[in-house]
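Biologist: I am new to this structure and would like a close look at one part of the picture. Please take me through the links between charged side chains, and say something about the cysteines as well.

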Amino acid sequence: MARATDRQPSMLGSLDWWTIGIYLALLTFGWVSVCGASYTYGDTDIFSLDTRSGMQIVWIGTSVCLGFVLLTLDDHFYDTFAYVIYGALLLLLFATIFNPHEIKGSRSWLVLGPLRLQPAEFAKFATALAVAKLMSTYGFIMSNWKHFASACMVVVLPMLFIVAQKETGSALVYLSFFLMFYREGMPGSILFTGVAMVVYFVVGVRFEQVPLWDTPTSLGVFIVLLLIQVFTVGLVRSYVSERGQTTRVLALSLLVTVLSLLFSKFVWAFDVTIVQLVLTVGLVCWLLYRWLSVRLNNYLYAALFAIGSVLFFYSVDYVLNDVMEPHQRVRINVLLGLEEDLAGAGYNVHQSEIAIGSGGLKGKGFLNGTQTKLKFVPEQDTDFIFCTVGEEEGFVGSAAVLLLFLALILRLIKLAERQPFKFGRIYGYCVLSIFLFHLFINVGMVLGLTPVIGIPLPFFSYGGSSLWGFTFLLFIFLRIDASRNKSRRQ
């Protein structure tokens, strides 16, 4: 007769109920926010299915039911059929490109009678399953470039299909997978390169037209070229033991730059960035020489970083003026403070900031917001739902919501770290990265800190597709985590 300690815990007993409790709390706060954002003065029944608050109850109810259906499936189902699910969603994404139903300029929606679904929301969990399946296979090593490239391809394919649907915001969410790659062994230099490119873009565009010290030198170009030199030398110092030479090279470069700037200011005015470009070329030549001399590939990688940085920066103007759509270009200029346009591209963010600011410390109370009730904020129950929280619940309510999300993020980290197998851990970090990206970008764009790219706030924004998509992500992971006790006893 088996001892009581040998009994396998039931699936319900193995579930992480703390995470489920946070999920239910976020759904409740989300419904209150949708109700406040969609309420119109004079409405008498916020539970009617003719209202958005009433329909959101339907989406919440179906999401909860869907979550518990996902928990009843065997945990091996998600591992076994990961590629099948991924392939099916890729086909659905591809078919959506040719969908004749265009909503707000986007072809990302499938219209089935009264039901509208956005496959891009479901492709997130499918991609997470596929990349977890690939990276958990025997022999997969992140440091192997072929393996790393194959994992990147799994992430990039749905991105390309979503971009073809004119849904750039949803496509950018897939960049969050690189946070998981970093956790699983991707070199930090790759993540650093991505951050550096963002810095080049912001600094270069923001200060390109600002003269440096009353000289013909552009402040933006000057700073970016200086950063390229500093970052390149920093990479060499991090990955090469010979630090003395790199320090002397950087010191010489900075000395020449300062002398050139002084000469331009007090002797003969000229564009100092020409000197900086020459110095950058010299730095690259020195790195290539060191690579050929000692046969250490890290010198080559640093040289490629410098070359790629310069090419990226000087391609920014082309991307802004010839690749991006006019409304995207205006949004970036508004975000960087180059344009105001309060009646156009900056209208949403401006009204959102007014709504949040008017909430004060404790807010105006449930259904008492004026900015939201008078519909001053466009998309206030979807992409800009957080401004309703700020207006009606104030700083206290906003902080409570953010603390709930923080609790969810910390819980996901704990669950991911305790997984006995790579598949569960990798999938868990995919879920964590996606939630973190959505939270940071959505709240940031409502506050005017990040570009307006139109992505929902998890469990808050109105609609079934996003709510179901996030539920798929979370509850699949909870089912995988629930099986850990059984796995450890085998």
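Modeller: What follows goes through the salt bridges one by one and then turns to the cysteines. Please keep in mind that this is a predicted model.

Side chains of opposite charge can pair when their charged atoms come close. In this model the count of salt bridges is 12. One of them joins Arg52 to Asp381, with 3.0 Å between the closest N and O atoms. This pair links distant parts of the chain, its two members being 329 residues apart. Arg52 belongs to helix α3, which covers residues 52-72, while Asp381 sits in the loop between α17 (370-373) and α18 (386-417). How accessible are the two partners? Arg52 has a relative accessibility of 34% and is therefore partly exposed, since that value lies between the limits of 20% and 50%. Asp381 has a relative accessible area of 11%, so this residue counts as buried.

Another salt bridge is formed by the side chains of Glu391 and Lys364, at 3.3 Å from N to O. Glu391 is part of helix α18 and Lys364 is in the loop between α16 (347-359) and α17, so the bridge ties together parts that are 27 residues apart in sequence. Glu391 has a relative accessible area of 0% and is buried. Its partner Lys364, at 29%, is partly exposed.

Salt bridges that share partners also make up a network, which joins Asp16, Arg411, Arg418 and Asp481.

A further pair is Arg183 and Glu184, whose side chains meet in a salt bridge at 3.8 Å, N to O. Here Arg183 is partly exposed, with 31% relative accessible area. Glu184, in turn, is buried at 15% relative accessibility.

Now the cysteines. The number of disulfides in the model is zero. Cys35 shows how this comes about for one residue: the nearest cysteine sulfur belongs to Cys387 and is 15 Å away, whereas a disulfide needs two cysteine sulfur atoms within 2.5 Å. Cys35 is therefore in no disulfide. Is Cys35 buried or exposed? With a relative accessibility of 1%, Cys35 is buried. Cys65 is exposed, because its relative accessibility of 53% is over the 50% limit.

Methods
Residues numbered from 1 in each chain as written. Predicted model: local features only at pLDDT ≥ 70, side-chain atom pairs only at ≥ 80, totals over all residues. Heavy atoms only, no water. Buried < 20%, exposed > 50% of the residue type's maximum accessible area, 1.4 Å probe, protein only. Salt bridge = Lys/Arg side-chain N within 4 Å of Asp/Glu carboxyl O. Helix = DSSP H or I, 4+ residues; strand = E, 2+ residues; numbered from the N terminus.
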